[in-house]
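Subject: Structure for you to look at

Dear colleague,

I am handing over the structure we talked about, and below it I have written out what was found. Please keep it open beside this email while you read.

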Amino acid sequence: MTAPDKNSLTIGVLALQGAFLEHIHMLKNLPTVSDAIPVRTEEQLKSIDALIIPGGESTSMALIAERCGLLEPLREFVKNKPTWGTCAGMIMLANEATSAKKGGQQLIGGLAIRVNRNQFGTQKESFETKLHMPEVVGETPFHAIFIRAPVISDILSEDVKILGRLEQKVGQTEAETIIAVRQGHLFATAFHPELTYDNRLHSYFVDLALTYYSN
Ligand SMILES: NC(=O)CC[C@H](N)C(=O)O
């Protein structure tokens, strides 16, 4: 792995659709981030050390990425650069998705999980809950916002580590359902951490990327 010659990173946020500005604001407050930029072109993708794929609508994001010729460059990027998918971004990073758009939808893939889209129902069924994720954020629980969120229904490789589960049953969805995972340099969360004032998940991801490049 070619190490970027620095101890702070340029992080990109895929800015085709969805909640990308909020991620950029969170990243700009971290001392280990030298720059946080919106990514809309292959050139911008080449200039960053790590990427966040935000929440939004995975079907629209995939269509726009395809039209901009970004789908293949993104597939190459995630092979060896740290990437974090949140909500729709997690769907994009997954190798497989159920409840996908009729006729199928394009994914970037790379993360060996199967996700189920819109697990909790429509916008009305959005909810907030506390999550205990000690390996990610220490002992203080993280306040998580789920908006038409997916869940991780299956883990497809032993390399995938479970980092978070629902603590209680939500509607028809059982407690213990997986909502955060990591596979080496790839990280995925089913909720929207950029919509809180808590930047511990962003900090975790930047540390993951710094560690990845220093090894
Ligand atoms: N908040 C979100 O990112 C929602 C994801 C959306 N339901 C999708 O399938 O893409």
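A good place to begin is G56, which is found in the loop that runs between β3 (50-53) and α3 (58-67). Please keep in mind throughout that this is a predicted model.

G56 also appears in the UniProt record, an unreviewed entry, which gives the feature "binding site" to G56, E57, S58, R117, I147 and R148. Although these residues are spread over 93 residues of the sequence, they cluster in space, with a largest C-alpha distance of 12.9 Å. The lining of the largest cavity includes G56, E57, S58, R117, I147 and R148.

Where, then, does the ligand sit? The ligand is placed in the largest cavity, and the residues around the ligand are G55, G56, E57, S58, C87, A88, I91, R117, N118, I147, R148 and H192. Sorted by class, this shell is made up of four nonpolar, five polar and three charged residues.

Some of the contacts can be followed atom by atom, beginning with the backbone, where an N or O atom of S58 lies 2.5 Å from an oxygen atom of the ligand, and where a backbone N or O atom of A88 lies 3.0 Å from an oxygen atom of the ligand. From a side chain, in turn, an N or O atom of H192 is 2.7 Å from a nitrogen atom of the ligand. Taken alone, the ligand exposes 300 Å², and the protein buries 98% of that area.

H192 comes up again in a second UniProt annotation, also from an unreviewed entry, in which "active site" covers C87, H192 and E194. These residues span 108 positions in sequence, yet no two of their C-alpha atoms are more than 10.9 Å apart, so they gather at one spot. Of these residues, C87 is included in the lining of the largest cavity. As for its place in the chain, C87 lies in the loop between β4 (83-86) and α5 (88-93).

With best wishes,
A colleague

Definitions and conventions
Residues numbered from 1 in each chain as written. Predicted model: local features only at pLDDT ≥ 70, side-chain atom pairs only at ≥ 80, totals over all residues. Heavy atoms only, no water. Near = heavy atom within 4 Å. Polar contact = N/O pair within 3.5 Å; in protein donor to acceptor, adjacent residues only side chain to side chain. Areas by Shrake-Rupley, 256 points an atom, 1.4 Å probe, with all protein chains shown as cover. 1 Å grid on protein atoms, 1.4 Å probe; cavity = no way out; pocket = protein on both sides within 12 Å on 5 of 7 lines; lining within 4 Å. Sits in = over half its atoms within 2 Å of the grid points. Nonpolar A, V, L, I, M, F, W, Y, C, P; charged D, E, K, R; others polar. UniProt positions renumbered as here; feature names shortened; annotations may be inferred. Helix = DSSP H or I, 4+ residues; strand = E, 2+ residues; numbered from the N terminus.
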